[in-house]
Amino acid sequence: MRHTRKGVLRSVENGTCQEAGYTVPYSSIVTEWNILCDDAKKYVPLTKTIFYAGKLFGAYLFGWVSDRYGRRMTLLITMLVQFIASLIESFSVNFVMYVILRVPLGICSGGCLIAGFLLMTEMATPQWRRWANCLSQGSYGVGIALQALIAYFIRDWQTFSLVTTLLNLPFIAYYWLIPESPRWLSARGRVKEAEVILRQMARRNGCEYPEGAIERMQAEGREEERTKTYHLWHLFGNRYLIRITLIEAWSWCVTSMVYYGLSFNSGNLAGNFYVNFAASGLVEIPAYLLATYLVERVNRRFPLVAYYVIGGIALICVFLIQVSGKEQDLTTLVVVLALIGKFTISAAYYQIYIHTAELYPTVIRTIGVGFASLCARVGGMAAPYIADSTPLVVPAIVFGATSLSAGLITMMLPETRGKPLPDFLGNETSEEGEELVPVEDQKEVAGYTSTV
């Protein structure tokens, strides 16, 4: 390790830890608390895994909280706790304090995502929901690139953490700008409040308030009540469901693992660290635009398979270059191939939500997507250890091979575009031609959006 501050750290030399001085012009938690060699392999990924474990727990905890107490309140509370925890984390005095604060950050990050996702989907109409999701997903890429820009100019980790935390101050305005979800209000019997918000929305958009909107929402809410009688084990109720549940579980795990792993691993590639990290974020924007455009113009399965296979091949090519020892000679090619991997896995993350939602019958659709999302969080928790605790050539082959495997098994799933969707268990469809009950508008289901 290298650092400009005075002091001594251990470094790896010929497989053993030796004493070494700092020479790089930045600080991090590694240089701050001398977390190197074997300690680095254990504790640096731990900070990320704890965050994603908290994110998993927070998504489910605050999913219930948002149903019980409202989307708006959940969003505001989780954003506030995130801000406070991040602010305190910026002044951490030791590694234990830093790690402990990662827990509320992760939990509230998951809660903030789920509350924001619910607000977005319940506010947008089906025809605009996909583009709303594209906008929110694209903000991830912008945020990653912005982080790289800030880090380039601010090399001290505590100052960097403080600046990125303070950038959240404008979101205080959400208290006045963000209304509660009219759908949630109507489902809770608070009809007058919901109607006031809907009339305001209609007026601001230059539209007339559609009479009967509340009644339609309440009817949809009563229809959704049927899902409350179903449980996780119903995902394994017959051979068709077992097949799609196991395939989707692996595909979602791989998608999340590769997505986050490539983000973490961008700094290990040849070339400029800051440019690589920024590029790994910016490449997501055209990926989401392409996936949003293709989702209604090409069938569901083919683009998803293509994303996995193309990305997998690109990452395996990175591995081959690395093991041949030509990474420094082919720096540009390595970075381009890695960005192709990030582009395709970002597009897959968008598309997999829609395909999964259309595969399950209505009565267990939420449970199916929720279980798949749980598997995705497991993949996210594994990603830091693959990217940070393994030899340099391992991440590319692991991410490439698993992407290819996801593409191959996705070919075993039925196509859903243009097919009527099943409503109840026993009415699910496959390409072998099981009976189907066409009771839903597929455009509504295609509005399922991702909360990465």
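**Exercise 1. The enclosed space**

Task: State how much space lies in the largest cavity of the structure, then describe its lining by residue, element and class.

Solution:
- Step 1: The largest cavity holds about 140 Å³ of space. Its lining has 15 residues, and those closest to the centre are Leu262, Ser266, Leu269, Ala338 and Leu339.
- Step 2: Two or more lining residues come from each of α11 (239-265), α12 (273-282), α14 (301-323) and α15 (331-359). With 4 residues, α15 gives the most.
- Step 3: Sorted by class, the lining has 8 nonpolar, 6 polar and 1 charged residues. Here Ala, Val, Leu, Ile, Met, Phe, Trp, Tyr, Cys and Pro are nonpolar, Asp, Glu, Lys and Arg are charged, and the others, Gly among them, are polar.
- Step 4: Searching the whole structure for cavities of 30 Å³ or more gives 1.

Terms: a cavity is a set of points on a 1 Å grid over the protein atoms alone where a 1.4 Å probe fits but cannot get out, and lining residues have an atom within 4 Å of a point. Grid points are joined across faces, edges and corners, and the volume is the space filled by probe spheres set on them. Helices (H or I, at least four residues) and strands (E, at least two) are DSSP runs numbered from the N terminus.

Before going on, please keep in mind that this is a predicted model, where local features need pLDDT of at least 70 and side-chain atom pairs count only at pLDDT 80 or more, while totals for chains, interfaces and linings use all residues. Residues are numbered from 1 along each chain as its sequence is written, and side-chain values use heavy atoms, with hydrogens and water left out.

**Exercise 2. The chain as a whole**

Task: Find how many helices and strands the chain has, and what share of its residues is buried.

Solution:
- Step 1: The chain has 18 helices and 2 strands.
- Step 2: Out of 452 residues, 50% are buried. Buried means under 20% relative accessible area, exposed means over 50%, and partly exposed lies in between (1.4 Å probe, protein chains only).
- Step 3: Turning to contacts (heavy atoms within 4.5 Å), take those with a separation of 6 or more: 76% of them join residues 24 or more positions apart.

**Exercise 3. Helix α3**

Task: Compare the expected span of helix α3 with the distance between its end C-alpha atoms, then list the elements its buried residues pack against.

Solution:
- Step 1: The expected span is 1.5 Å times one less than the number of residues. Helix α3 has 19 residues (71-89), so it should span 27 Å, and the distance of 27 Å between its end C-alpha atoms agrees.
- Step 2: The buried residues of α3 include Arg71, Leu75, Met79, Phe83 and Glu89.
- Step 3: The partners of the buried residues of α3 are α2 (37-69), α4 (95-123), α6 (157-166), α7 (174-177) and α8 (182-187).

**Exercise 4. Salt bridges**

Task: Count the salt bridges and place three of them in the chain.

Solution:
- Step 1: The whole structure has 6 salt bridges, each a side-chain nitrogen of Lys or Arg within 4 Å of a carboxyl oxygen of Asp or Glu.
- Step 2: Lysine 48 pairs with aspartate 388, with 2.6 Å between the closest N and O atoms. Lysine 48 is in helix α2 and aspartate 388 in helix α16 (residues 362-388), so this salt bridge ties together parts 340 residues apart in sequence. Aspartate 388 is partly exposed, at 24% relative accessibility.
- Step 3: Lysine 342 pairs with glutamate 284 at 2.9 Å between the closest N and O atoms. Lysine 342 belongs to helix α15 and glutamate 284 to helix α13 (residues 284-294), 58 residues apart. Both lysine 342 and glutamate 284 are buried.
- Step 4: Glutamate 195 and arginine 199 form a salt bridge at 3.8 Å, N to O. They sit 4 residues apart in helix α9 (residues 191-204), about one helical turn. Glutamate 195 is partly exposed at 27% relative accessibility, and arginine 199 is partly exposed at 35%.

**Exercise 5. Three single residues**

Task: Describe the surroundings of phenylalanine 277, alanine 124 and asparagine 34.

Solution:
- Step 1: Phenylalanine 277 is part of helix α12. Leaving out residues up to four places away in sequence, phenylalanine 277 touches Ile144, Gln147, Ala148, Ser263 and Ser266.
- Step 2: Alanine 124 lies in the loop between α4 and α5 (126-153) and is buried, at 17% relative accessibility. Beyond residues up to four places away in sequence, alanine 124 touches Arg129 and Ala132.
- Step 3: Asparagine 34 lies in the loop between α1 (29-32) and α2, and is partly exposed at 33% relative accessibility. Its phi is near 55°, a positive value in a residue other than glycine. Most residues other than glycine have a negative phi.

Terms used:
1 Å grid on protein atoms, 1.4 Å probe; cavity = no way out; pocket = protein on both sides within 12 Å on 5 of 7 lines; lining within 4 Å.
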